[in-house]
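Trainee: Could we go through a structure together, with the reasons behind each label?
Mentor: Yes, here it is.

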Amino acid sequence: MSSERPPAEGPEPVDGADRAPIEDADVCVIGAGPAGGLIADRLARADKRVVVLEAGPRFDPADRLARQERAIRPAYDRPDVWDGDPERDDHAASGERFYPLNHARVKGVGGSTLHWQGMVMRLHEDDFNSRSARGVGDDWPIDYEDLRPYYAEAERELGVAGADDNPFAPPREEPHPMPAFPPSYSDGLFAEACETLEIAMHSVPNARNSERYDDRSACVGYGTCQPVCPSGAKYDATVHVERAERRGATVIDRAPVQRLEHGPDAIEAAVYATPDDEEHRQAADAFVVACGGVETPRLLLLSDSRHYPDGLANSSGLVGSFFMDHLFAGMGGVLDEPTRQNHVGFLTSECHQFYDEADEDVGPFKLEFFNYDGPSPVETALSGDDWGDDLLERLRTEYGNHIGMGALIEQLPREESYVALDPERTDDRGNPVPDVHWTVDDRARRTIERANEIQREILDELGAERTWEVGPDDTGPAYHHMGTTRMGDDPTESVVDSRLRTHDLENCWIASSSVFPTGGAMNPTLTIAALALKAADHVLEAL
């Protein structure tokens with residue numbers, strides 16, 4: 001299928017790339033992260049004329065080794081690894097707690113999967129029925145069985161290594177595409193303590209290849225999975241973006257959408273800017289907004305009009321509302337023996353044993369057993385003035401005996417947490433930046449305390465000297481942006497319906513964690529992928 005473009009008008013592009021809109025597009029997808037990539041691939045495979053608009057650049061795969069080196073050098077912060085732009089990515093955080101949005105987001109083809117850790121769990125059945133099962137939060141308009149076939153397809157599409165050894169997981173219909181990664185050395189240390197305490201450990205499903213899969217190599221053990229995988233063994237959305245292009249889709253990078261032009265019932269065009277300071281208008285029959293939990297509501301709010309004075313698709317007044325993230329609880333220490341930390345850059349063991357005990361007072365959480373903790377050899381070496389044999393001896397005594405645990409905690413949807421437009425600050429295009437109002441509820445604090453209690457028992461059983469703890473007062477986000485365009489059956493209480501189409505606009509779908517009514521305590525990417533595949537089916541039904 002061809003996606004021919006009319007001759008470009010105006011000045012020659014600064015980098016030689018053709019960023020002119022395409023004619024007769026069936027679908028315009030906004031965002032080239034995991035949701036946008038999967039949808040573009042699914043629609044292009046169905047012979048639809050697809051154009052993807054991505055705010056950030058394409059990254060050359062050949063540069064990943066250099067980005068890996070940048071990632072392990074103390075002089076570079078995480079945003080530097082993927083060329084964060086302080087002016088382009090400016091944001092405000094005027095909530096109860098500062099929200100460090102730029103610490104863990106990437107604008108570019110591939111999106112957040114370029115630097116994610118790669119853990120992919122299904123939500124539990126009660127996560128879809130939180131109000132009914134736990135007495136708090138909201139029920140989704142779909143349940144686990146509705147999403148179950150899409151979960152299986154998402155695992156095949158991403159390439160998930162896992163095992164059927166988690167007795168607390170929701171029911172499955174088939175094995176994971178690849179075998180699980182074996183437990184690490186430090187997992188074995190934890191296992192002894194957990195067995196005594198009758199705490200179950202099991203493997204972690206990972207979106208990285210434990211064997212060759214989908215023409216990508218098996219993991220080669222660089223250990224820098226977060227924020228960069230040089231080998232390509234860890235899944236990122238460029239897999240599906242490039243596959244969509246091979247099927248005829250057009251991907252336009254460095255094309256931030258400024259606003260969505262619309263009438264009362266439908267979107268007519270996405271207006272996007274280019275590096276040449278030009279604006280173009282991409283028309284299409286259908287639009288899919290896949291910009292994540294912060295940029296999706298921001299774009300809708302920027303697209304206000306006489307039809308939607310409070311923001312596009314916002315007749316409910318809920319666009320941007322009920323922002324959620326997962327909270328972190330953690331604890332670590334040192335042992336009088338080697339733990340071989342830092343040898344594996346991702347998690348291989350976890351525990352869901354306490355997850356479904358959640359109720360009104362304490363939320364769901366999962367425990368994580370780290371394969372990495374403490375300073376890296378580089379950080380250890382730079383922390384002193386010694387050299388030669390003295391430095392070598394200090395490295396032997398200070399590195400490799402650390403051990404640590406984490407936990408992800410559910411945060412309830414609350415009116416006090418939301419994404420709005422900042423009235424004073426603007427980005428490099430003159431648009432108001434997102435303002436993230438973030439709060440932590442009392443139930444989440446109690447859940448963190450419960451997770452810390454179990455972590456403390458495990459470390460004490462190990463005989464570890466505890467050296468650090470992250471509890472309710474100093475918790476931080478997992479950078480899983482959820483909940484700002486929630487899904488529901490009632491148009492006055494939600495932004496999209498169970499088919500992911502906006503209640504207000506007949507040709508606009510949202511594929512993002514922003515549609516989550518609740519967040520559970522599982523990493524959200526597999527659910528994002530499953531919902532994206534579901535949304536793609538509904539777009540095809542409507543075309």
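The talk below takes up salt bridges, backbone oddities, a surface patch, and empty spaces in this predicted model.

Trainee: What makes the contact between Asp127 and Arg134 a salt bridge?
Mentor: The cut-off is 4 Å between a side-chain nitrogen of Lys or Arg and a carboxyl oxygen of Asp or Glu. Between the side chains of Asp127 and Arg134 the N to O distance is 2.9 Å. That value is within 4 Å, so the pair counts as a salt bridge.

Trainee: Are Asp127 and Arg134 buried or exposed?
Mentor: Asp127 is buried, and Arg134 is buried as well.

Trainee: How do you know that Glu145 and Arg148 are separated by about one helical turn?
Mentor: Both belong to helix 5, which covers residues 144-158, and they are 3 residues apart, so about one helical turn separates them. Their side chains meet in a salt bridge at 3.1 Å, N to O.

Trainee: Why is Arg148 called buried, and what is Glu145 called?
Mentor: Buried means under 20% relative accessible area. Arg148 has 18%, so Arg148 is buried. Glu145 stands at 44%, which lies between 20% and 50%, so Glu145 is partly exposed.

Trainee: Which parts of the chain does the salt bridge of Glu261 and Arg281 link?
Mentor: The side chains of Glu261 and Arg281 meet at 2.5 Å, N to O. The pair links distant parts of the chain, with Glu261 in strand 7 (residues 257-262) and Arg281 in strand 9 (residues 279-283), 20 residues apart. Glu261 has a relative accessibility of 26% and therefore counts as partly exposed. Arg281, at 43%, also counts as partly exposed.

Trainee: What joins Arg88, Asp89, Arg105, Lys107, Glu295, Arg298 and Asp427 into one network?
Mentor: Salt bridges that share partners join these residues. A search of the whole structure finds 39 salt bridges.

Trainee: What is notable about the backbone at Glu198?
Mentor: Glu198 is not a glycine, yet its phi is positive, at about 60 degrees. Glu198 sits in the loop between helix 6 (185-197) and strand 5.

Trainee: Why is Glu198 called exposed?
Mentor: Exposed means over 50% relative accessible area. Glu198 has 67%, so Glu198 counts as exposed.

Trainee: Where does Asp214 lie, and why is Asp214 called partly exposed?
Mentor: Asp214 is in the loop between strand 5 and helix 7. Its relative accessibility is 33%, between 20% and 50%, so the label is partly exposed. Asp214 has a positive phi of about 55 degrees although it is not a glycine.

Trainee: Which peptide bond is cis?
Mentor: The bond from Gln226 to Pro227 is cis, with omega near 25 degrees. Pro227 lies in the loop between strand 5 and helix 7.

Trainee: What makes Tyr222 eligible for a surface patch?
Mentor: A patch residue needs over 30% relative accessible area and no salt bridge. Tyr222 has 41%, so Tyr222 passes the area cut-off and counts as partly exposed. Tyr222 forms a nonpolar patch with Leu65 and Val220, and together they have about 300 Å² of accessible area. Tyr222 lies in the loop between strand 5 (202-203) and helix 7 (238-246).

Trainee: How do you know that empty space is left between atoms?
Mentor: Rolling a probe the size of a water molecule over the atoms shows where empty space is left.

Trainee: How many cavities are there of 30 Å³ or more?
Mentor: The count comes to 5. The largest cavity holds about 180 Å³ of space. Its lining has 17 residues, and those nearest its centre are Asn166, Ala169, Arg172, His176 and Pro205.

Trainee: Why is Arg172 counted as charged and Ala169 as nonpolar?
Mentor: Arg belongs to the charged group and Ala to the nonpolar group, so the labels follow from the residue types. The lining of the largest cavity divides into 7 nonpolar, 5 polar and 5 charged residues.

Trainee: Which helix gives the most to the lining of the second largest pocket?
Mentor: Helix 7 does, with 6 residues. Helix 2 (64-72) also supplies at least two. The pocket has a volume of about 410 Å³, and among its 24 lining residues the closest to its centre are Pro61, Asp236, Thr238, Val239 and Glu242. The lining has 9 nonpolar, 3 polar and 12 charged residues.

Key
Residues numbered from 1 in each chain as written. Predicted model: local features only at pLDDT ≥ 70, side-chain atom pairs only at ≥ 80, totals over all residues. Heavy atoms only, no water. Patch = residues over 30% accessible without salt bridge, like charges linked within 9 Å, V, L, I, M, F, W, Y side chains within 5 Å. Areas by Shrake-Rupley, 256 points an atom, 1.4 Å probe, with all protein chains shown as cover. Helix = DSSP H or I, 4+ residues; strand = E, 2+ residues; numbered from the N terminus. Buried < 20%, exposed > 50% of the residue type's maximum accessible area, 1.4 Å probe, protein only. 1 Å grid on protein atoms, 1.4 Å probe; cavity = no way out; pocket = protein on both sides within 12 Å on 5 of 7 lines; lining within 4 Å. Points joined across faces, edges and corners; volume = space filled by probe spheres on them.
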